Amino acid sequence: MHPRHLAARPMWLARDVVNLSSTTIRDLLESVGILTCKAISPSFNRFLDAPWGSIIRARRKWHREHRATWLPLLPQEYKYATLAGERDIRIFTLYPPRSDSDDEIHGELRRVNLQELPRYDALSYSWGTELGDASQWSKVYCSTIDTMGIAPGCGIIRVTANCHKALRQLRLSARRRHLWIDAICINQEDPDERTRQVAIMSSIYALARRVVAYVGEGTTETDKLFDWLNSLDPRDLEVSWSLLLGAHSSLLSAPPAKSPHWLPWDIGLGTSWLQRLAPAKGDPNHIPGEDIAALADSLFSRRYFKRTWVLQEVSLPPLRRVHVICGTRLTTATRALHALAVIRRLDPHSSNPGSIFLTVREGLAKANGDINRNASRLLDVLIKCHGRDATDPRDRIFGVLSVARAMDHPRPLSDELRADYNLNTAQVYAKYSAFCIREYGISLFWGLMSRHRCLNMHRQKHKRRPTWAADFDEPWLNPRSVSEKETAASRPKVSQDSGVSFERDARGIDSVLALARPRIVAGFITRSGHVDGTDWAEDWEVTNGLGGDEVLVELRKGLGVLLSERRDGSGSWEFQGVVPHALSKAGVEAVVKGWSGVVVDGVVPQELVDVDPGEYLSSKESFRVV
């Protein structure tokens with residue numbers, strides 16, 4: 001019989017194909033589109049796998065029970081219903097496998113409201129593989145369950161290969177599991193829904209029964225490390241914060257006693273101390289001390305720990321609810337942090353995942369009692385997450401907004417800064433750069449930025465991004481600007497940062513920066529010595545070191561900004577970079593050596609303290625920077 005005829009006669013299907021194997025039937029039905037709906041009920045799979053003598057007897061009963069849910073649809077993408085309420089989310093019910101060799105993922109989506117406190121586990125994972133490939137897609141067969149418990153439709157949701165692997169690891173053998181997974185539970189094709197869901201994502205993870213961090217497939221080495229971690233006695237890991245934080249006295253003040261973000265254990269004790277607690281030689285979980293650091297370093301070098309989103313996913317929920325899965329092994333977040341401790345003592349100024357986690361937890365724990373801050377912690381978090389991965393470049397900012405909002409409590413982050421996926425990447429970068437300039441001052445924000453050596457390339461990639469805005473795709477941060485600065489951004493503004501205004505486009509996005517400042521007409525600069533130290537001896541005299549279309553404008557004493565005039569006759573200027581300025585070559589070298597103090601703390605170079613500005617500055621001029 002032709003497959004088209006089978007598709008037209010589902011009520012007599014078992015009689016017509018009684019002599020075919022179940023595998024052949026599945027292939028046949030999928031080819032004509034019927035098995036698009038096979039995820040609706042596991043009993044349909046039992047129908048196919050049953051002995052053929054019983055199929056004929058059972059087919060009429062099965063169709064009576066499932067007539068409303070088993071629909072012979074053509075293959076199609078899953079169609080999402082609109083989420084009506086502000087706190088509405090979808091929960092994915094993951095079905096058990098049909099057999100040990102079943103790699104297909106089946107389940108159903110149900111709409112719930114967070115205010116009803118539904119029970120679910122939230123998945124934290126990396127969209128891409130270890131090689132960064134997020135282009136490999138796999139199918140999830142999904143049905144929709146409405147409020148009456150009826151499945152009115154079904155379809156295919158495409159997820160990345162890494163998400164598919166995570167779902168296979170999370171699948172229970174004999175019962176269903178309720179999960180929240182962004183790739184499935186959010187309609188990725190609807191920017192309005194993505195915007196609304198990202199706004200409540202911190203609540204989604206914080207209210208989850210458990211947060212499961214899937215860091216990738218396991219290896220012999222990761223299995224060995226997880227077995228070693230799980231063999232440690234948690235009672236032996238309870239130590240004081242003074243051991244954890246060491247000499248970093250600025251972090252030693254205790255947060256509120258019952259803060260959910262308080263870390264009761266030291267995660268920076270080092271290899272030797274943990275090795276004394278580990279199983280002795282002869283125990284199957286014993287690992288030589290010299291091997292532990294290598295295993296831990298390999299684990300924390302995985303792509304998962306370089307993600308931007310991981311910060312809010314594992315930092316905001318209570319630590320006791322976070323579990324880490326690697327392949328078939330599972331451990332608690334606390335034990336995983338101890339694995340990080342054996343690599344190196346945690347340095348609050350470094351960008352390793354442990355340092356970021358520690359900074360965020362400390363900030364969350366003390367958020368209510370921190371009265372010395374007068375600015376948002378958003379830029380501090382962006383600095384810490386500099387260079388982290390995101391599949392969507394806009395998520396380099398959107399992925400940390402919830403963390404910044406939590407650290408700013410009770411000082412709310414502006415509603416204007418909520419994630420908005422209706423904006424393109426260039427608009428997002430311009431919007432948040434303008435916020436940072438207003439919030440922290442132009443000399444600080446521009447002073448943090450690396451000089452745009454490849455300006456033309458950047459302009460080609462984001463053609464509409466203003467040159468004065470940071471390109472968060474690239475290594476936008478100059479690490480020397482924040483060297484030895486724990487919280488660089490949330491410090492008082494420098495008074496010289498007046499004279500800045502913006503012009504907005506039709507969408508309300510800041511597109512033009514108007515700068516009213518004097519030119520620097522005398523002294524010396526270095527174009528990149530403060531960034532990479534390559535031209536310490538190549539100081540440029542202002543009078544003859546600038547190009548014909550360049551000007552040097554003072555931001556404040558010691559800081560100048562290079563602008564180049566556009567060649568379109570508009571009279572507009574493009575940002576080139578911030579450079580150190582002094583009246584002598586020795587003065588420039590002194591500014592370079594104390595660069596972070598000049599940028600962050602507003603330190604005035606000694607030779608400019610008592611000098612009349614008229615000796616090296618022109619009168620104030622206006623520059624329209626685009």
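Okay, quick definition before we start: when I say two strands pair, I mean DSSP finds at least two bridges between them. And keep in mind that this is a predicted model.

So, let's begin with the hairpin. Strand 10, residues 500–504, and strand 11, residues 510–520, pair in the antiparallel sense, with five bridges. If you want one contact to click on, take Glu-503, whose bridge partner in strand 11 is Val-512. Between the two strands of this hairpin sit five residues, and Gly-508 has a positive phi there, near 80 degrees.

Now, what else does strand 11 bridge to? That would be strand 17, residues 617–625, again antiparallel, with seven bridges joining the two. Here, Arg-517 has Glu-621 of strand 17 as its bridge partner.

Next up, helix 6, which covers residues 161–170. Seven of the ten residues in this helix are buried, so mostly covered is a fair label, with buried meaning under 20% relative accessible area. The buried ones include Cys-163, His-164, Leu-167 and Leu-170.

Last bit: cavities. How many of 30 Å³ or more turn up in the whole structure? The search finds eight. I picked the second largest, with a volume of about 80 Å³. Its lining includes Arg-388 and Arg-396, along with Phe-472, Trp-476 and His-386. By class, that lining splits into four nonpolar, three polar and two charged residues.

That's my tour, over to you folks.

Methods: Residues are numbered from 1 along each chain as its sequence is written. This is a predicted model: local features need pLDDT of at least 70, side-chain atom pairs count only at pLDDT 80 or more; totals for chains, interfaces and linings use all residues. Side-chain values use heavy atoms; hydrogens and water are left out. Buried means under 20% relative accessible area, exposed over 50%, partly exposed in between (1.4 Å probe, protein chains only). Helices (H or I, at least four residues) and strands (E, at least two) are DSSP runs, numbered from the N terminus. On a 1 Å grid over the protein atoms alone, a cavity is a set of points where a 1.4 Å probe fits but cannot get out, and a pocket is an open set with protein on both sides within 12 Å along at least five of seven lines; lining residues have an atom within 4 Å of a point. Grid points are joined across faces, edges and corners, and a volume is the space filled by probe spheres set on the points. Ala, Val, Leu, Ile, Met, Phe, Trp, Tyr, Cys and Pro count as nonpolar, Asp, Glu, Lys and Arg as charged, and the others, Gly among them, as polar.
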